[in-house]
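Work through the following exercises with the sequence and the model side by side. Each task is followed by a solution that goes step by step.

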Amino acid sequence: GMRLSEACGLQACDIHLDGDAPYIDLVEHPWRRLKTSSSSRQVPLVGASLWAAYRIMDAGFTLAFPKYCSEAKCNANSASAALNKWLKPRVTDGCVIHSFRHSLRDRLRAVECPSDMIDQIGGWATAGVGQAYGDGYGIDKKWEWLSAIT
């Protein structure tokens, strides 16, 4: 559910694999800003994303994707171009890497996940004054909903 630039700008220390609900602590870094205040969040790792997080940690780099990010700059456009080139022969016309972010929302709806939970997982702003109150859902609940779609 992360934006490509959010993923490209990760540090290994943002990845937390210990505990019952592994997650990414998505925070702003000097080389990569976050789009909105709701973009700063904890994103659970399940299925393929958990597998990938282990591979990132095994690589031993400080930055998760050093090919597309340095401590000076995050180049998500280059990552997007490379991923879209790889995807093109494998998906239907019009499908791009960002389409997976949108399909996450559809997959969560299909398991009847509450819309405010979907918004928190994806870092989308939720309408309504009351949505800003409290701390939101904990990582365990987010992990449960994402596990439902794996």
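Two strands pair if DSSP finds at least two bridges between them, and the elements themselves are DSSP runs numbered from the N terminus, with helices being H or I runs of at least four residues and strands being E runs of at least two. This is a predicted model, in which local features need pLDDT of at least 70 and side-chain atom pairs count only at pLDDT 80 or more, while totals for chains, interfaces and linings use all residues. Residues are numbered from 1 along each chain as its sequence is written, and side-chain values use heavy atoms, with hydrogens and water left out.

**Exercise 1. Establish the order of the strands in the sheet and identify the edge strands.**

Begin with strand S1 (residues 15–16) and strand S2 (residues 23–26), which run antiparallel and are joined by two bridges. Within this pair, Ile15 has Ile24 as its bridge partner, and His16 has Tyr23. The two strands form a hairpin with six residues between them, and in the turn Gly19 has a positive phi of about 95°.

Next, follow S2 to S3, to which it is joined by four bridges, again in an antiparallel arrangement; here the bridge partner of Tyr23 is Pro44.

Putting the pairs together gives an open sheet of three strands in the order S1-S2-S3, with antiparallel pairing. S1 and S3 therefore stand at the edges, each having a single partner strand and one side without a neighbour in the sheet.

**Exercise 2. Describe how helix H5 packs and how H5 is oriented relative to H6.**

First list the buried residues (buried means under 20% relative accessible area, exposed over 50%, and partly exposed in between, with a 1.4 Å probe and protein chains only). In helix H5 (residues 115–122) they are Met117, Ile118, Asp119, Ile121 and Gly122. These residues pack against strand S3 (41–44), helix H4 (99–110) and helix H6 (139–147), where contact means heavy atoms within 4.5 Å.

Then compare the axes, which are lines fitted to C-alpha atoms, for helices over the stretch in contact, with angles running from 0 to 180 degrees between N-to-C directions. The axes of H5 and H6 come within 11 Å and cross at roughly 100°. H5 is therefore roughly perpendicular to H6 (angles under 35 degrees count as roughly parallel, over 145 as roughly antiparallel, 65 to 115 as roughly perpendicular and the rest as oblique).

Finally, take the contact itself: Met117, Gln120 and Ile121 in H5 meet Lys141, Lys142, Trp145 and Leu146 in H6. The residues of this contact divide into four nonpolar, one polar and two charged, given that Ala, Val, Leu, Ile, Met, Phe, Trp, Tyr, Cys and Pro count as nonpolar, Asp, Glu, Lys and Arg as charged, and the others, Gly among them, as polar. Just after H5, Gly123 takes a positive phi of about 75°, and H6 for its part lies across S2 and S3, running at about 40° to S3.

**Exercise 3. Decide whether the loop residues Ala64 and Cys13 are buried or exposed.**

Ala64 lies in the loop between helix H2 (47–59) and helix H3 (76–87), and its 9% relative accessibility makes Ala64 count as buried. Leaving aside residues up to four places away in sequence, Ala64 touches Leu10, Gln11, Ala12 and Ile56.

Cys13 lies in the loop between helix H1 (4–8) and S1, and with 53% relative accessibility Cys13 counts as exposed. The C-alpha atoms of Cys13 and Thr62 are separated by 7.5 Å, although these residues are 49 residues apart along the chain.
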